[in-house]
Amino acid sequence: MFVRLYGCNLECSWCDTPYTWATTKNKIEKHVTAYARGGEPYSKKDNEHVMTTDAIGDKLAALYPNIRDGQSIIVVSGGEPLMQQEALIELCYSLYGEFSTAIHIETAGTIEPDRDLTDAVDQFVVSPKLSHSGNPLKKRYKPDVIQSFAHMGSKAHFKFVVELNAGMDGEDFKEIDAMVERHGIDANRVYIMPQGTTPTEIILGAQSIVDKVLERGYNLSLRTHTLLWGDERGK
Ligand code: SF4
């Protein structure tokens with residue numbers, strides 16, 4: 001189950017959750033389609049949900065009554081969840097206390113996690129952004145932060161989003177390989193995911209990159225929720 005938190009310190013042009021951050025004129029201009037269905041820009045006011053940790057737990061339990069089945073995983077994503085570290089620690093302990101589920105945190109790897117947060121989560125999924133995201137290098141790549149996650153061993157996996165043509169020109173893979181080598185990340189902790197918000201984009205993207213993924217010993221990640229529901233929210 002996904003819990004998406006508001007706010008992001010990056011502005012990826014192809015972001016699939018622009019409603020979490022593209023709510024000002026300046027930010028909207030950074031996104032290719034940062035408009036709600038119907039042609040209106042996303043509004044912070046419309047999308048603002050200030051929720052207590054208890055309310056988040058109640059909402060999850062209502063969405064999926066079998067959440068205590070011992071196999072569920074709660075993935076806290078965004079936006080950038082680490083922008084709210086203090087509240088995030090409280091949320092992790094609250095959700096684990098209520099459901100005994102594994103708690104994963106998705107992050108773009110630009111903010112160092114506090115020790116208390118690292119203790120509170122089962123798994124970080126770190127997704128450094130590549131040049132095609134449109135973010136300046138200094139903003140999207142923080143070597144010291146990536147190194148901290150790299151040192152965590154199996155507690156931190158790395159997920160890279162690549163473009164549809166990445167299998168042909170290989171530019172995305174050059175950036176990924178360089179980062180993996182520089183930080184000494186094991187190939188089996190690296191997941192490659194095609195960029196896209198429709199099943200067709202995901203399948204075509206996966207077919208264009210699968211050989212490059214396999215020859216490096218990386219993992220191929222298909223976005224199951226996108227294959228099933230496209231970018232429909234609330235599923
Ligand atoms: S880091 Fe994630 S949430 Fe933030 S803009 Fe990029 S894709 Fe969107």
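This passage describes selected helices, cores, salt bridges and cysteines in a predicted model.

Helix 4 covers residues 85-99. At 1.5 Å a residue, its 15 residues should span 21 Å, and the C-alpha atoms at its ends are 21 Å apart, which agrees with that expectation. Eight positions along the helix can be named as buried: Q85, L88, I89, L91, C92, S94, L95 and F99. An α-helix has 3.6 residues a turn, so residues three or four places apart point the same way. The cover over the buried residues of helix 4 includes helix 3 (53-63) and helix 5 (115-120), together with strand 2 (73-77) and strand 3 (102-107). After the helix comes S100, which has a positive phi, near 55°.

The largest nonpolar core holds 42 residues, and within this core I74, V76, F160 and I192 touch the most other members. Helix 4 gives the most to this core, with six residues. Apart from the largest core lies another, of twelve residues, which include L10, C12, V161 and M193. For I192, the contacts beyond four places in sequence are F160, V162, F173, I176, I209, V213, Y218, N219, L220 and S221.

Charged side chains were examined next. Side chains of opposite charge can pair when their charged atoms come close. The model has twelve salt bridges in total. One of them joins K27 to E11, with 3.3 Å from N to O. K27 belongs to helix 1 (residues 25-28), whereas E11 is in the loop between strand 1 (2-4) and helix 1, so the pair ties together parts that are 16 residues apart in sequence. E11 counts as buried because its relative accessibility is 10%, which is under the 20% limit. K27 and E11 also belong to a network of salt bridges that links them with K30 and K139. A further salt bridge is formed by the side chains of K25 and E29, at 3.0 Å from N to O. Both of these residues, K25 and E29, are exposed.

A salt bridge also connects D16 and R223, whose closest N and O atoms are 2.3 Å apart. D16 is in the loop between strand 1 and helix 1, and R223 is in the loop between strand 7 and helix 11, so this pair ties together parts that are 207 residues apart in sequence. The two partners fall into separate accessibility classes: D16, at 26% relative accessibility, counts as partly exposed, while R223, at 10%, counts as buried.

The surroundings of R223 can be described further. The loop that holds R223 runs between strand 7 (219-220) and helix 11 (224-229). Beyond the four nearest places in sequence, R223 is in contact with D16, M193, P194, G196 and I202. Of these contacts, P194 is 29 residues from R223 in sequence, and the C-alpha atoms of the two are 8.2 Å apart. M193 is also among the residues of the core of twelve. Besides the polar contact with the side chain of D16 at 2.3 Å, the side chain of R223 reaches the backbone oxygen of G196 at 2.8 Å.

Another arginine, R140, is placed in helix 6 (residues 137-140). R140 counts as buried because its relative accessibility is 8%. A polar atom of the R140 side chain lies 3.1 Å from the backbone oxygen of K129. K129 is also one of the contacts of R140 beyond four places in sequence, along with L10, T110, L130, S131, S133, N135 and E175. Of these, L10 is among the members of the core of twelve residues.

The cysteines were considered last. A disulfide is a covalent bond between the sulfur atoms of two cysteines. The structure holds zero disulfides. For C92, the closest cysteine sulfur is in C8, at 18 Å, which is too far for a bond, since the cut-off is 2.5 Å. C92 has a relative accessible area of 1% and is therefore buried; this cysteine is one of the buried residues of helix 4. C15 is likewise buried, with a relative accessible area of 13%.

Methods
Residues are numbered from 1 along each chain as its sequence is written. This is a predicted model: local features need pLDDT of at least 70, side-chain atom pairs count only at pLDDT 80 or more; totals for chains, interfaces and linings use all residues. Side-chain values use heavy atoms; hydrogens and water are left out. Helices (H or I, at least four residues) and strands (E, at least two) are DSSP runs, numbered from the N terminus. Contact means heavy atoms within 4.5 Å. A polar contact is a pair of N or O atoms within 3.5 Å; within protein, one must be able to donate a hydrogen and the other to accept it, and residues adjacent in sequence count only if both atoms are side-chain atoms. The expected span of a helix is 1.5 Å times one less than its number of residues. Buried means under 20% relative accessible area, exposed over 50%, partly exposed in between (1.4 Å probe, protein chains only). A nonpolar core is a set of buried Ala, Val, Leu, Ile, Met, Phe, Trp, Tyr and Cys residues joined through side-chain atoms within 4.5 Å. A salt bridge is a side-chain nitrogen of Lys or Arg within 4 Å of a carboxyl oxygen of Asp or Glu.
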